[in-house]
Amino acid sequence: MTDFTVRRARTSDVPRIIDVVEPFVSRRILLGKERVDLYGAIQEFRIAEDADGRVIGAGALHVIWEDLGEVRTLAVAEEWLGRGVGRALLDALERDARELGLSRLFCLTFEVGFFGRNGFEDMGEETVDPEVYAELVRSHDEGVAEFLDLARVKQNTLGNTRMLKHL
């Protein structure tokens with residue numbers, strides 16, 4: 001039995017998501033997101049909350065392509081690290097991905113060990129078909145640029161590892 005639950009995020013959770021994510025943003029482990037962008041993407045988020053209803057973790061699934069999604073903004077409050085919260089959030093995001101018909105998940109991370117233990121592998125130089133690349137490169141989404149390993153995102157992602165999981 002766990003002492004937390006995972007559920008879909010609501011707009012009222014945004015300030016609490018920011019509280020969980022901010023320590024990682026300040027240490028440059030995660031990229032910060034503007035409050036307006038979090039509200040606009042709230043339907044992508046799952047949150048974990050403790051028995052008292054406090055948000056203790058958050059993560060999002062963003063669709064990139066017909067078969068590809070990105071795990072974004074996966075964060076767990078420091079005092080809850082190592083207690084299965086991150087894994088439970090990732091499980092929920094993977095279920096969401098399968099429901100959407102996705103067969104691959106991408107992430108850009110410093111947490112290689114965590115994602116590796118959960119089935120993700122370093123993408124290395126993996127690319128997509130030229131026709132798909134031509135479509136994806138038109139996107140203004142930073143996650144797509146990260147997936148394609150475009151130079152324009154390098155300053156924000158230096159040192160991160162591009163990882164992929166086949167569902």
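# Exercises on a mixed sheet and its cores

Strands S1 (residues 4–8) and S2 run antiparallel and are joined by five bridges. The model is predicted.

**Exercise 1. Find the partners of S2 on both sides.**

Task: Which residues of S2 are the bridge partners of Phe4 and Val6, and which residue of S3 is the bridge partner of Ile47?

Solution.
- Step 1. Start with the S1 side. Phe4 has Asp50 as its bridge partner in S2.
- Step 2. Move along S1. Val6 has Ala48 as its bridge partner in S2.
- Step 3. Turn to S3 (residues 55–65). S2 and S3 are antiparallel, and five bridges join them.
- Step 4. Pick the pair. Ala58 in S3 is the bridge partner of Ile47.
- Step 5. Check the turn. The S2–S3 hairpin has four residues between its strands, and Gly53 there takes a positive phi near 85 degrees.

**Exercise 2. Place S2 in the sheet.**

Task: In what order do the seven strands run, and which are the edge strands?

Solution.
- Step 1. Read across the open sheet: S1-S2-S3-S4-S5-S7-S6. The pairing is mixed.
- Step 2. Find the edges. S1 and S6 (121–122) each pair on one side only, and these are the edge strands.
- Step 3. Add helix H1 (residues 14–26). H1 packs on the sheet and touches S1, S2, S3 and S4 (68–76). The directions of H1 and S4 make an angle of about 85 degrees.
- Step 4. Add helix H3 (residues 85–99). H3 also packs on the sheet, touching S1, S2, S3, S4, S5 (104–109) and S7 (161–166). Its direction makes about 30 degrees with that of S3.

**Exercise 3. Judge the two faces of S2.**

Task: Are the residues on each face of S2 buried or exposed?

Solution.
- Step 1. Recall the rule. In a regular strand, side chains alternate between the two faces of the sheet.
- Step 2. Take one side of S2. Phe45, Ile47 and Glu49 are buried.
- Step 3. Take the other side. Arg46, Ala48 and Asp50 are buried too.
- Step 4. Conclude. Both faces are covered, and six of the six residues in S2 (residues 45–50) are buried.

**Exercise 4. Map the nonpolar cores.**

Task: Which residues of the largest nonpolar core touch the most other members?

Solution.
- Step 1. The core has 21 residues; Val71, Trp80, Val85, Phe115 and Phe120 touch the most other members.
- Step 2. Trace the sources. S3, S4, H3, S5 and helix H4 (112–117) supply at least two residues each. H3 gives the most, with five.
- Step 3. Look around Phe120. Beyond neighbours within four places in sequence, its contacts include Val71, Leu90, Leu105, Phe115 and Met163.
- Step 4. Separate the other core. A second core has 16 residues, among them Val14, Ile47, Ala58 and Ala75.

**Exercise 5. Examine two single residues.**

Task: Which residues does Ile18 touch, and is Glu70 buried or exposed?

Solution.
- Step 1. Locate Ile18 in helix H1. Not counting residues up to four places away in sequence, Ile18 touches Arg35 and Leu38.
- Step 2. Add a distance. Ile18 and Leu38 are 20 residues apart along the chain, and their C-alpha atoms are separated by 8.7 Å.
- Step 3. Locate Glu70 in strand S4. Its relative accessible area is 4%, so Glu70 is buried; the cut-off is under 20%.
- Step 4. Find its polar contact. The side chain of Glu70 meets the side chain of Arg72 at 2.8 Å.

Definitions and conventions. Residues numbered from 1 in each chain as written. Predicted model: local features only at pLDDT ≥ 70, side-chain atom pairs only at ≥ 80, totals over all residues. Heavy atoms only, no water. Buried < 20%, exposed > 50% of the residue type's maximum accessible area, 1.4 Å probe, protein only. Pairing = 2+ DSSP bridges. Contact = heavy atoms within 4.5 Å. Axes fitted to C-alpha atoms, helices over the stretch in contact; angles between N-to-C directions. Core = buried A, V, L, I, M, F, W, Y, C linked by side-chain atoms within 4.5 Å. Polar contact = N/O pair within 3.5 Å; in protein donor to acceptor, adjacent residues only side chain to side chain.
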